Amino acid sequence: MSIAFLDGSYMPIEQAKISPLDRGFLFGDGIYEVVPSYAGKMVGFAPHVLRMKSGLEAIGIKLDWSMDDWSELCQRLIAENGAGNLGIYLHVSRGADNKRHHAFPENIAPTVFAFTFEIAAAPIADKAKVKPYKVSTTRDLRWERCHIKSTALLGNVLHFQQGYEQGNDETLLFNADNQLTEASACNAFIVIDGTVITPPLDNQLLPGITRQIVLDVLRKDGRIKVEERSVSMDEVMSADEVWITSSSKEIAPVTEVDGKAVGNGEIGDIWLATQTLYSAGKFDY
Ligand code: PDD
């Protein structure tokens, strides 16, 4: 049984209860994070919390928590839940009002909820051991503020489900100009002629922490060229490698897009080099 945190108290997750008038429940009016932790060591704790703070500011939720407060919460949840391979889920909603009204209520306290869930062991940089992913593609029909890590995830859920029902693991999303944005729950990368390319940060995609670490380890290493620029559908379909990244997956190699093999259908050498750098450097973030 996992131990959760809700509004100042730790408790078995089954005992955590919120009001049905909580705006997270009624409107998806909140911000969340997922921080990975392996054997008690978190990856990207500071950037995850900073992204959450900027999300809260973007939607006008005031929560007076310091980095130390978040750190103490995460450390306690890790300890309470066995310190294995954990995703730490952090969630702040605008709170519960006494009525349903779209305008932000005054004088309500945000609801703070956190729990952990088991994630797969950290991926190993080994072509024979990593899971190859298959993805679908579709037009990105979410909202125009995808840089905010909102708990209102229906658009993402519907896109994920679309790929899932086609027997795939994820769905790559393309805007009206047929440019890649991201995937339903991951950022996306392609490799062409040895260069790693990913769409630039804007309102169309989440500024992923894994994305940021991947770019950073590659730039520090310096051997592989990196570009942040628009990526067309044609480039995705003819790329040598395609990857999707997220906190729980790290860098997942994609070997099939819409049933068509990526490159020669094998996991690529640039993936191997990048996952090797990521595995070696991730605990520095
Ligand atoms: N998903 N893009 C979207 C839409 C996401 O939901 C996520 C993460 C990412 C990758 O971000 P990061 O590298 O910071 O995990 C990109 C999380 C893990 C989830 O919703 O469970």
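These questions and answers look at the ligand and the protein around it in a predicted model.

Me: How many residues surround the ligand, and which are the closest?
Reply: Being near the ligand here means having a heavy atom within 4 Å of it. Counted in this way, the surrounding residues number 20, and the closest of them are Tyr32, Glu182, Ile209, Thr210 and Ser247.

Me: What distance separates an oxygen atom of the ligand from an N or O atom in the side chain of Thr210?
Reply: A polar contact is a pair of N or O atoms within 3.5 Å. The side chain of Arg51 has such an atom 3.0 Å from a ligand oxygen, and for the side chain of Ser247 the value is 2.7 Å. For the side chain of Thr210, the distance to a ligand oxygen is 2.6 Å.

Me: How much of the accessible area of the ligand does the protein cover?
Reply: On its own, the ligand has 480 Å² of accessible area, and the space that the ligand takes is the largest pocket. The share of that area covered by the protein is 88%.

Me: Where does the ligand lie with respect to domain 1 and domain 2?
Reply: Elements that each supply at least two shell residues include β3 (30–38) and α5 (209–221). Domain 1 (3–118) and domain 2 (133–284) both contribute residues to the shell, so the ligand lies between them.

Conventions
Residues numbered from 1 in each chain as written. Predicted model: local features only at pLDDT ≥ 70, side-chain atom pairs only at ≥ 80, totals over all residues. Heavy atoms only, no water. Polar contact = N/O pair within 3.5 Å; in protein donor to acceptor, adjacent residues only side chain to side chain. Areas by Shrake-Rupley, 256 points an atom, 1.4 Å probe, with all protein chains shown as cover. 1 Å grid on protein atoms, 1.4 Å probe; cavity = no way out; pocket = protein on both sides within 12 Å on 5 of 7 lines; lining within 4 Å. Sits in = over half its atoms within 2 Å of the grid points. Helix = DSSP H or I, 4+ residues; strand = E, 2+ residues; numbered from the N terminus. Domains from an automatic or database assignment.
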